[in-house]
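This report describes the fold of one chain, element by element. Please look at the sequence and the structure before reading on.

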Amino acid sequence: MILQNVGFRKDAGRKLLNAWKSILDDHEPDLIIADHAPGAVFAGLDVIPHLCAIGNGFFVPPPVFPLPNFYGMRPDCIPTFEFISKIENEVTTTINGWRETACVPTFPTIGSVFNRLDAQFLTTFAELDHYSVQRDQAFSGALQYDPPDRNEYKWPSGVGPRVFAYLKKSRGLGHLFNQIRDLGTPTIVVMDSMDVGRLNRLATANLSFYDRPLPIERLSRECNFAVLNAGHGATCAFLRAGKPILQLPHNSEQSSTAVRTIEMNAGLVAHPDDGEQITRSFLTMLSNHDSFPGASEFAERYRTYDPRAGAALIAGQIDQLVSRSSSRRLKK
């Protein structure tokens with residue numbers, strides 16, 4: 001359904017694929033590394049010598065039909081198998097129609113396309129895979145790390161557990177910030193593109209706001225729990241540190257990450273626009289942040305995980321593909 005809604009609906013899908021074909025014709029790449037670029041994959045398969053997909057589970061779907069639906073936090077709205085099959089068939093028909101015109105082979109299902117790639121780099125952990133299905137590919141783990149030039153910070157004074165929040169604007173946050181202020185909980189809040197002047201008026205001795213990136217790995221060790229929008233990278237960082245999370249997801253991808261967090265008993269979830277629900281969940285986390293064993297169990301499982309080693313392994317495989325392409329060009 002997401003593919004249909006974001007461009008692969010009949011004429012719009014054909015225009016999108018034509019645009020990708022123009023790019024590929026102009027540049028004639030030997031290798032495509034697609035990070036959430038389904039148009040590049042559908043247009044490049046059987047045309048470009050080597051094609052890879054990289055990303056968390058949301059960006060690298062499994063070879064199943066139909067692709068599982070992302071119902072997020074609305075299990076009451078799960079569509080039927082027949083409905084999602086119909087939607088996927090419509091998208092597949094659009095893509096195959098274009099591929100027939102381009103004189104390249106068609107494919108039976110969208111998932112089967114990704115199974116034909118040279119490599120699939122799943123940069124996530126099995127517990128956080130958006131598709132709760134068995135995978136043949138290995139998980140590389142999250143590849144994020146803190147650059148050495150990240151900005152410094154100072155924990156505010158206060159009483160009780162330390163809280164780190166990395167959030168985007170939503171209607172329920174006013175309730176949360178007022179609650180934190182009244183409780184005196186020492187909290188650091190990072191927000192993208194925030195109105196610094198407006199939010200700094202809410203700042204108190206125990207509540208600090210930042211509008212720039214902070215060293216998240218260090219913060220994950222120093223805080224007692226986090227409040228996030230269920231972003232994949234931040235979620236991985238805090239779970240690797242064994243810290244539970246109050247998730248406030250904004251979209252389907254984030255909702256799936258939030259569901260996985262709850263399933264492993266590593267946190268709670270609330271709607272980002274529901275201030276009362278957020279404050280209730282925050283109070284629960286505040287008094288029971290040690291009661292989510294899934295977070296510490298996750299940290300123990302991946303205690304020796306090194307994101308740099310995972311990145312080096314992926315880079316090595318990509319280098320092999322590039323070398324094969326270079327050899328082919330020399331032979332020509």
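## Strand E7 and its partners

In this predicted model, strand E8 (residues 245-247) runs parallel to E7, and 3 bridges join the two. Leu228 of E7 has Gln247 as its bridge partner in E8. E7 also pairs with E4, again in the parallel sense, over 4 bridges. Here Val163 is matched with Phe225 in E7.

Are the two faces of E7 covered or open? Both are covered. Phe225 and Val227 are buried on one side, and Ala226 and Leu228 are buried on the other.

## The six-stranded sheet

E7 belongs to an open sheet of 6 strands, arranged in the order E6-E5-E4-E7-E8-E9 with parallel pairing. Strand E6 (207-210) and strand E9 (267-269) are the edge strands, each of them paired on one side only. Direction ignored, neighbouring strands of this sheet are turned by 15° against each other on average.

At the E6 end of the order, strand E5 (residues 187-191) pairs with E6 over 4 bridges in the parallel sense. Ile188 has Ser208 of E6 as its bridge partner. Helix H6 (residues 173-183) packs on the sheet and touches strand E4 (163-167), E5, E6 and strand E7 (225-228). The direction of H6 makes about 155° with that of E5.

## Gln179 in helix H6

Gln179 is a residue of helix H6. Its relative accessibility is 12%, under the 20% cut-off, so Gln179 counts as buried. Which residues does Gln179 touch, not counting residues up to four places away in sequence? They are Thr279, Phe282 and Leu283.

## The three-stranded sheet

A second part of the chain forms an open sheet of 3 strands, in the order E1-E2-E3 and with parallel pairing. Its edge strands are strand E1 (31-34) and E3, and each pairs on one side only. Neighbouring strands of this sheet are turned by 15° against each other on average, with direction ignored.

E1 and strand E2 (residues 50-55) run parallel and are joined by 4 bridges. Within this pairing, Ile32 stands opposite Leu51 in E2.

## Helix H4

Does the span of helix H4 (residues 81-101) agree or disagree with the expected value? H4 has 21 residues, and at 1.5 Å a residue these should span 30 Å. The end C-alpha atoms are 30 Å apart, so the two values agree.

The buried residues of H4 are Ile84, Ser85, Ile87, Glu88, Val91, Thr92, Thr94, Ile95, Asn96, Trp98 and Arg99. An α-helix has 3.6 residues a turn, so residues three or four places apart point the same way. Among the buried positions, Ile84, Ile87, Val91, Thr94 and Trp98 follow such a spacing. Charged and polar residues are also on the buried list, including Glu88, Asn96 and Arg99. Just after H4, Cys103 takes a positive phi of about 60°.

## Aromatic pairs

How many aromatic pairs does a search of the whole structure find? The search gives 10. One of them joins Phe125 and Tyr302, which form a tilted pair at 4.5 Å centre to centre with 55° between the planes. Phe125 lies in the loop between strand E3 (119-122) and E4, and Tyr302 in the loop between helix H12 (293-301) and helix H13 (307-331). The pair therefore ties together parts that are 177 residues apart in sequence. Phe125 has a relative accessibility of 2%, so this residue counts as buried.

Tyr302 also pairs with Phe298, again in a tilted arrangement, with 4.9 Å centre to centre and 50° between the planes. Phe298 is buried, at a relative accessible area of 0%. Ring pairs link Phe125, Phe298, Tyr302 and Tyr305 into a cluster.

## The chain as a whole

The secondary structure of the chain comes to 13 helices and 9 strands. The chain has 332 residues, of which 50% count as buried. Its accessible surface is about 16,200 Å², and carbon and sulfur atoms account for 51% of this.

Among contacts between residues at least 6 apart in sequence, 63% join residues at least 24 apart. The pair of Phe125 and Tyr302, which ties together parts 177 residues apart, is an example of a link across the sequence.

Definitions and conventions
Residues are numbered from 1 along each chain as its sequence is written. This is a predicted model: local features need pLDDT of at least 70, side-chain atom pairs count only at pLDDT 80 or more; totals for chains, interfaces and linings use all residues. Side-chain values use heavy atoms; hydrogens and water are left out. Two strands pair if DSSP finds at least two bridges between them. Axes are lines fitted to C-alpha atoms, for helices over the stretch in contact, and angles run from 0 to 180 degrees between N-to-C directions. Contact means heavy atoms within 4.5 Å. The expected span of a helix is 1.5 Å times one less than its number of residues. Buried means under 20% relative accessible area, exposed over 50%, partly exposed in between (1.4 Å probe, protein chains only). Rings of Phe, Tyr and Trp (its six-membered ring) pair if their centres lie within 6.5 Å; planes under 30 degrees apart count as stacked, over 60 as edge-to-face and the rest as tilted. Accessible areas come from the Shrake-Rupley method with a 1.4 Å probe; for residues, only the protein chains shown count as cover.
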